[in-house]
Amino acid sequence: MLFNSLDFALFFIVVFACYWMLQRRLFGQNALLLSSSYFFYACWDWKFLFLLVFSTLLDYFSGILIERSTHKKTRLFWLWLSIGCNLGFLGFFKYYNFFIASFQELLSNFGLHASTWTLQIILPVGISFYTFHGLSYVIDVYKKRIIAERNFVDYGLFVSYFPLLVAGPIERATHLLPQLKQKRTFDYQKGVDGLRQILWGLFKKIVIADNCAIYANEIFNNSDHYSGSTLVMGALFFTFQIYGDFSGYSDIALGTSRLLGIELLKNFSFPYFSRDIAEFWRRWHISLSSWFKDYVYIPLGGSKGGKWSQIKNTFIVFLLSGFWHGANWTFIAWGFLNALYFLPLLLLNKNRNHIEIVAKNRVFPSGKELFQICCTFGLTVFAWIFFRADNLSHAFNYIEGIFSSKLFSLPEVRPSNVIVLILFFISIEWFGRKNNYALENFALSWSASFRWGFYIILLISLFIMGSKAQEFIYFQF
Amino acid sequence: MKKFLKRLLIFTVLFFVVDKLFYIFIYLSPKYQVDNRIEKLLEGEINKEVIILGSSRGAMNIMANQLEAQTGKSTYNIAFPGSDVTFHDFILKTLLKFNKKPKIIIFALDSPSELLPTASINYRFDRLYPLVKYDYINQELINKGDRNFTSWFLCLSRLNKTNLSLKRNSTKFDNVQPDGSTPLDFENPNFKADYILSVGNYEIKDESDEKRKAFKSILDQCKSNNIKLIFAFSPNFQIYNTAFEKRMRQFKTPNSSFFVYDSLNSSYKDASNFYDESHLNAKGAKIFTSELSNYINLNQ
C-alpha cells in the first residue's frame, strides 16, 4: 500500500474518521492506530508481520528487564540480547547474500572455489527502520535516558506507527512515546498544515521524482551509449529523483501524522541549498544522521579523543551509513566518498560553520554563498552516481563516460518539460527554505481564491504527470 | 473538526468543477492519434472476412489489400507493431464485441518470443490512451491496473500527459495504409545483412503464464465463434526455428491450421527483401503474402 496510491487514501480516510470518533478515548485511539499499522504492514507481506511483532515483543521485554535488573551484567545481557537479535535479523535478511557473495569473490581471487550458499531471501519492507527504532529504545532504557514502557500498545505503536513504518523518519522514544500518552484533540490549523504537507510531498514524489526517474533510469541503464553531457544530465535527474522521492515520502508521513495530531521528527531541511557537506548532512535524512551520531559516533568517543579519533569515528559513521542503505559495495563507496568530502572540514575545524539556512534574512544568496552551494551540490551529484550505479564498475564506467566524450556538447536527453518542472520546484523550495517544508507558509498571504487556485494546480499536476503508483526508493532499504 | 470538513468539502467540490474542464482533452484526443484502427474497431467499422492479428510481423509482413485481391476475400490488418499476445487478445475481444465476426483470422506469430517474456513487445497502453473517451477503453485500463475507479467520475483520472500534448507524434513506422497494413518501404541503414545460421533453444519453462493464458484465450474465442484460425510463421533472416513451430503445434485445435513460409525459397535468404533480421520490407512482404494467399486458396 503505497502512500501515493488510492488504496492508501481510502485506508487513511477510514482510519482518520474512526480515530477522531474515538477522540476522548486515548487507549482506543492508540489501539486503533496499532491495529491499523499492523494491517498496513500486512498489506505488504503478512508473513513478515510476525517478524515485526516478534521484534517489538523482544525490545519491549528487554526494556522492562533492563530496567528491573540491578546488576550491571544482567542489564548488559538483556541489552546485548536485544541488540544481537535485532542486528541478527537485519544482517540475515539484508546482508547474508552480500557477505556470502563477497566471500566467494574473495576466494575466487585466490583461485579457490566455494559452493553457492546464497539463499532466496526477500527483504522485509521497513526492517532497517523499525530495527533502528527498537535499538534506540533499548539503548535509551539502558542509558537511563527514558523509563521502560509498560504499555504494550503504546510501545508497539512507537515501533509500528504506519506513517513511519516502512521508510521513516527514524523516531526516538523520547520524542514519540510522550505524544502517544497525551490526549489528542483535533486542531484545525494542524489539520490544514498536514494536508498542505501531504500535497507538497505528493508533488515531490509524483511530479518531480517519478518524472526524473524516467530519464535517470534510461541514462543509467544505457550509460555506454550516451555522451558525457547526457551522463551529467542523468546524474542530475537522479539527484532530483532521490530527493523528491525520499523527502516527498517524509513529507507525506509527517503530514499524515499531523492530521492524527502526532508530530514526527523532521527528516529533510532543504539539503541542496547547503554550503558545505557538513551542512548537507545536517539537512539530509536528519533522523538517520542524528541516530548514527547519538548511537555510534558519540559512544565511539565522538570528537573527544582528538583529531585522529574524530576522523576515524566520522569515517566509521559514514561507512555504516552507506552500508545501512544496502548490501552493495556502491553504497559503501558512496559513504566513503562523503566521509572524504567531510575530511577537509574536520581538519580545518569548519564542520559547524553553517548552522542556519543560507541567506536567512535575504531573498537571494551572495555570490560566495551561491558558489558554495554550487560546489556542494556538484559534490553531492557526483556521489549519487555511486548510489545509483548497479555496481562499482558501472559507477566507474559512468564517471569515465562523463569525462571521455562530448562533455560540453548538447545532451541527447533534455526533456524541456521536466527541466521546467525542476526549476519550478527549486524556486518554491528556495522561497520556502526558512520553513519546515517549502509550502508551509507559501501563498498564505495570498487571497484564499489564489491560494486555493495554486493548490488545485498542484493537484492537477499530480493527475497529469503521474502514472501508476511508483514505489519509493527508500522502501528497499 | 466541522470547519475542517466543511472547508475540505468546498475544496473538493471546487476541484470537481475544475476537473470537468478537462473533458475537452478527453474529447479531442482521438483526433491526434497516429493510428485510428482501434477506434475503427470500437465504432464497428471492421467487418471483413479475413483479419490479420499479431505484432509487427503481422503488420509489416502481410499486406491485407494484396491478400484480398489474391483470395477474393475482404481483408483487414489489425496487427500492432510492438504489441504482445495479451494485447492481441484484447484486440480480438474488441473486434468480436463491436464488429461482425470474421471467417478467418491469420495470427502472425512472433518466433520465438510469442510466449516468452521480452521487453521488445508489450501491451500497447499508448494506443489506448487517446481513446479514453470510450468507457470500454477506460474499463480495460482499469482492468490492467493502469487506471482506477476514480476515472469513472474524474476527468483528470482518465487522462494521461500524452492526452494534453494535442499533436500527432507520428514516425515513419506509423505508415498505416487504408487496409491496416504497415509496409516498410524504406531502408534500414543499420541492418547487417548477415544470415544467421543458428537458433537458440526453446524452453517451455521460460514462458510467461500471462502470455500463455492470453494465447489460449485467442484460441478459445476463435473456437467458440467458429472462426478458422491460421497460425502464420513468417521468415526471419535466420534459419528456420523448428523448436518454436513444434511448441506452437502443441496448441492445435480443430479449427486451426499452420502456415509456414517456404524455407527453401531463396528470396528469404536475400537481404534485399528484409528490413532487419526479423521483418520483411515491402518487397519481401509481397512475396510472403503471395505464399499465404496460395495457402488460403488451397485450403478453402
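In this predicted model, chain A splits into two domains: domain 1 covers 6–185, while domain 2 is built from two stretches, 189–275 + 354–476. Taken over C-alpha atoms, the centres of domain 1 and domain 2 of chain A sit 29 Å apart. Where these domains meet, domain 1 of chain A puts in 15 residues and domain 2 of chain A puts in 17 residues. On the domain 1 side, the elements giving two or more residues are α1 (6–21), α7 (162–165) and α8 (173–180) of chain A. Of these, α1(A) gives the most, with three residues. By residue class, the domain 1 side that touches domain 2 of chain A breaks down into ten nonpolar, three polar and two charged.

The nonpolar cores come next. The largest one holds 110 residues, and the members that touch the most others are A:Phe158, A:Leu165, A:Ile208, A:Ile219, A:Phe237 and A:Phe386. Helix α10 (residues 228–259) of chain A supplies the largest share of this core, at 15 residues. Domain 1 (6–185) and domain 2 (189–275 + 354–476) of chain A both hand residues to this core, so it lies between them. For a closer look at one of those well-connected members, take A:Ile208: setting aside neighbours within four places in sequence, A:Ile208 is in contact with A:Phe203, A:Phe240, A:Gly244, A:Leu421, A:Ile422 and A:Phe425. There is also a second, separate core, this one of 65 residues, with B:Phe87, B:Leu156, B:Ile230 and B:Met248 among its members.

Two backbone oddities turn up in chain A, both in the loop between α14 (329–347) and α15 (367–388), which holds A:Asn349 as well as A:Ala359. As background, most residues other than glycine have a negative phi. A:Asn349 goes the other way, with a positive phi near 55° in a residue that is not glycine. A:Ala359 is not a glycine either, yet its phi is positive too, at about 50°. As for their surroundings, A:Asn349 has 11 C-beta neighbours inside 10 Å and so counts as exposed. A:Ala359 has 17 C-beta neighbours inside 10 Å, which makes it partly exposed.

Turning to chain B, its secondary structure adds up to twelve helices and seven strands. The C-alpha trace of chain B spans about 80 × 45 × 40 Å along its principal axes. Chain B has 300 residues, and 38% of them count as buried. Among the contacts in chain B with a separation of 6 or more, 81% come from residues 24 or more positions apart.

Five of the strands of chain B form an open sheet, ordered β2-β1-β3-β4-β5, with parallel pairing. The edges are taken by β2 (75–77) and β5 (256–260) of chain B, each with a single partner strand, so one side of each has no neighbour in the sheet. From one strand to the next, the twist averages 20°. Within the sheet, strand β1 (residues 50–54) of chain B runs parallel to strand β3 (residues 104–109) of chain B, and five bridges join the two. One residue placement along this pair can be spelled out: B:Ile51 stands opposite B:Ile105 in β3(B).

The chain that leaves β3 holds a further backbone feature. B:Pro112 sits in the loop between β3 and α7 (125–128) of chain B. A cis peptide bond links B:Ser111 to B:Pro112, with omega at about 0°. For context, most peptide bonds are trans.

Finally, there is the contact between the two chains, which draws 16 residues from chain B and 13 residues from chain A. On the chain B side, α1 (2–20) and α9 (155–158) of chain B are the elements that give two or more residues. The largest share of that side, six residues, comes from α1(B). Sorted by class, the residues of chain B that touch chain A come out as nine nonpolar, four polar and three charged.

Definitions and conventions
Residues are numbered from 1 along each chain as its sequence is written. Chains are lettered from A and ligands numbered from 1 in the order in which they are written. This is a predicted model: local features need pLDDT of at least 70, side-chain atom pairs count only at pLDDT 80 or more; totals for chains, interfaces and linings use all residues. A nonpolar core is a set of buried Ala, Val, Leu, Ile, Met, Phe, Trp, Tyr and Cys residues joined through C-beta atoms within 7 Å. A residue is buried if 20 or more other C-beta atoms lie within 10 Å of its own, exposed if 12 or fewer, and partly exposed in between; C-beta atoms are placed from the backbone. Helices (H or I, at least four residues) and strands (E, at least two) are DSSP runs, numbered from the N terminus. Domain bounds come from an automatic or database domain assignment. Two residues are in contact if their C-beta atoms, placed from the backbone, lie within 7 Å. Ala, Val, Leu, Ile, Met, Phe, Trp, Tyr, Cys and Pro count as nonpolar, Asp, Glu, Lys and Arg as charged, and the others, Gly among them, as polar. Two strands pair if DSSP finds at least two bridges between them. Axes are lines fitted to C-alpha atoms, for helices over the stretch in contact, and angles run from 0 to 180 degrees between N-to-C directions.
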